[in-house]
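I opened this notebook to keep track of what I looked up, entry by entry. My topics are backbone angles in loops and the nonpolar cores.

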Amino acid sequence: MSTAAASPRKVQMSVIGPVLALVILVIAGALMNPNFLGLDNITNVLARSAFIGIIAVGMTFVITSGGLDLSVGSMAAFIAGLMILVMNKLLPSMGVGVPIVLVGMGVALLAGIVAGLINGLLITRLGIEAFIVTLGSMGIYRSLVTWLADGGTLSLDFGLRTFYQPVYYGGIFGVTWPIIVFALVVIMGEMLMRSTAFGRHCAAIGSNDQVAKYSSVRVGRVRLLTYVMLGALVGVAVIMYVPRLGSASSATGLLWELEAIAAVIIGGTALKGGFGRVWGTVVGVLILVLIGNLLNLTDYVSPYLNGAIQGAIIVLAVVLQRGSKAGQ
Amino acid sequence: MGGAVTEPVLSLSGVSRSFGPIEVLHGISLALAPGRVHALIGENGAGKSTTMKILAGYQPPSSGDVLLDGRPVAFASMGEAERLGISMIHQEFNLAEQLTVEENIFLGRELKRGLFLDKAAMRAQSRALLDRLQCRVATDRPISDLSNSDKQMVEIARALSRETRVLIMDEPTAVLTRAETSILMEQVRALRAAGTAVLFTSHKLDEVKEIADDLTIMRDGAVVWSGPASELDEHGMAEAMVGREMSQLYPAKDGSPGEVVLDVSGLTVPGYAEDISFTLRAGEILGIAGLIGSGRTETFEGLAGLRPASGAVRIKGRPVTIRHNWEALDLGLCYLTEDRKTRGLLLQKGMRENLTLQALHRFSHGLLDTRAEEAALDRAIRDFDIRGSREVTVGHLSGGNQQKLLFAKTMLSDPQIIVIDEPTRGIDIGTKQQMYEFIRGLAREGRAIVVISSEMQEVIGLADRVLVMRQGRIAGELTTDTITEDAIVRLAMGVGEPKPVALAKELTE
């Protein structure tokens, strides 16, 4: 068999590609609008990145192990609705304070874990395609939140919202909580992916699940864990999201799943699994959010075209990925 | 045998080929004459595959000429080579799994009547082609339902359907049983008689001896011997391939079996095997022979927890229940798959990730210890003589090196009972000899070994004791003196043997 040496240069191109794109975006932004690199704007961009970013870190593991989860946006909306309902219900008995917020957070986390567990069990135990399962649960959660809100909006009690708001707007040393949590999730995710047996197993399963099975890897359990982890991270994102607006409706979390998946792919994780990197996902998220931000700050292109530009970038990212593989 | 040497139809003249800075073929010259069978042999990594790909127009040479009917040609694509009458059958099948047999045979050149497909004609022609190959598979079945040997026959039928002047086959018999191989040989003879030039590679030197008129032997990307096949015997071929004296292929059976470490009784794998009972001693190599489809692989996958199975299993006298293969591994029992490319190794990953995958917990203290992994890889490369760059993905390694890596990967878990399924499928004779040494060495260390093999010589040469399987049951056991080819064939085919009791009962009921 011939030994065509895999060119290391091309691998590097796919590594620095997204970073290069991000750097170009930042430079272009700074040139177009002097406020772009201001502290306020950077804080704003990072905080807005946090929701999608936290979810996208979880999505990186799911995709790396050869799976997919389309339900995260609806799941976020449902969990937000559930959390608000529970907190409003408990308000008369518990009153405004830390305990009720903790209970709300617990509900969000638990709901996320259960939702992830349901997706994961259907996929791993019943062997149904992840695409089908999560397409189904996407519809179910979206419909459930609409039903809970009776077609309208679920709002957190005003006093409670004011009390809870610092979780989104507050922080330490000028860094807001969503950014801190996002950073922690990224650091832990990167470590988990890069240097633990779990991360290695995810890549192995996504690369070839038969090989993983024959290598005594507990394929079902690892896969299940990726969905549970993603569910839990959706819960975390909701905990950060609810204090921002204090409400949930059928429009909450709309298309988050697409943005999360797009961020993962732009970051260089292979859509068919087998290879994933968390830091790349962060770059992907930043690219997506920065484009929206730039369009808002400048008036060269209408912000309404945000989706079109994001879409073009997603396709471009995949073309570049493909290009670096064709060199085999 | 072939007639007088005629003008070659397709030949290579001083062909070299480089991948990046590495030259893998150095000045190859080779000529295929009509009506002659040409065998190309060499160790894995000698450059046979690349040579064939250049002949078939899959890759252009970096320098030198491909000559068709004496004139230099440059194939724009493999489609062009195919139109000019050159067909290549790959080792890995090139079939659309979801399409039917007939759809595959005519894929890309479907017969039409007006705007629509002429299915009846395609079906009839497919049937006729397969009948020529004595392949009885229905033409409307999807490829994914077929056994490997039937897939091979479909590949050959496809090549036959295209007025082929030159047929190139990459290890056509690697996945075939003896009976199927002899059918293939007949077909090759028929093609030869019809004036087709045939080139094939094989690691089975007896086949080469049997059918080849011309012979080219490659080593390290260069031709080291070429001439009429009749001038070299099998031993001479092996020596030319390996480039050194070949001592005994099989190591001495000097094991001294110890206590019974594995005791299986009444193992049943639903749909594949029934009532399998045997024992295995420490330091012993137990061979498992039988035809493809006799349930050998499934039996041991069932034993190792890779398939649902029932039955009583004792390891070192202790009754155990194995439902998953990680439970088997914890008990020191490991099954090494026959299918290294789709079940054994992650072809897109490097050596290190592959080596440690099964024993990853040994390198994990919360976080993975990459340095320890690298050290383990150093050791594996040394102990198992794995050649090839550490930088490339495992898919780029030769078959022999892949198999050695798979071996090293398994041994990292230090199993005491090792089931090795087809230890030398598709690897060259030099590496085979090394594998046999490894296996015997493991037995000498006191490990208990099961070797499943379709190669009769391998079972005979390697095993201390042989179980022959037939139709999901153990047909018989052979020990030292009674292990002969004849005895194995008799048991495997069920010749000269009373009907199994269960079957007789069914018949009377």
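I looked up Gln471(B) and found it in the loop of chain B that runs between strand 23 (465-470) and strand 24 (473-479). I kept in mind that this is a predicted model. The phi of Gln471(B) is near 45°, which is a positive value in a residue that is not glycine. I noted this because most residues other than glycine have a negative phi. Is Gln471(B) buried or exposed? I had to write down "partly exposed", because Gln471(B) has 17 C-beta neighbours inside 10 Å, while a residue needs 20 or more to be buried and 12 or fewer to be exposed.

Next I turned to Glu171(B), which also has a positive phi, near 45°, and which sits in the chain B loop between strand 9 (166-169) and helix 6 (178-193). I recorded Glu171(B) as buried, because 21 other C-beta atoms lie within 10 Å.

Then I went to the largest nonpolar core, which has 175 residues, and I listed those that touch the most other members: Ile55(A), Ile79(A), Leu233(A), Ala237(A), Val238(A), Ile439(B) and Ile449(B). Helix 11 (residues 219-245) of chain A gives the most to this core, with 17 residues. From chain B, I noted that domain 2 (248-332 + 416-509) and domain 3 (340-414) each supply at least three residues to this core.

I also looked up which residues Ile79(A) touches, leaving aside those up to four places away in sequence, and I wrote down Ala108(A), Ala111(A), Gly112(A), Val234(A), Gly235(A) and Val238(A). Apart from the largest core, I found another core of 68 residues, including Leu25(B), Leu32(B), Ile41(B) and Phe75(B).

Definitions and conventions. Residues numbered from 1 in each chain as written. Chains lettered and ligands numbered in written order. Predicted model: local features only at pLDDT ≥ 70, side-chain atom pairs only at ≥ 80, totals over all residues. Core = buried A, V, L, I, M, F, W, Y, C linked by C-beta atoms within 7 Å. Helix = DSSP H or I, 4+ residues; strand = E, 2+ residues; numbered from the N terminus. Domains from an automatic or database assignment. Contact = placed C-beta atoms within 7 Å.
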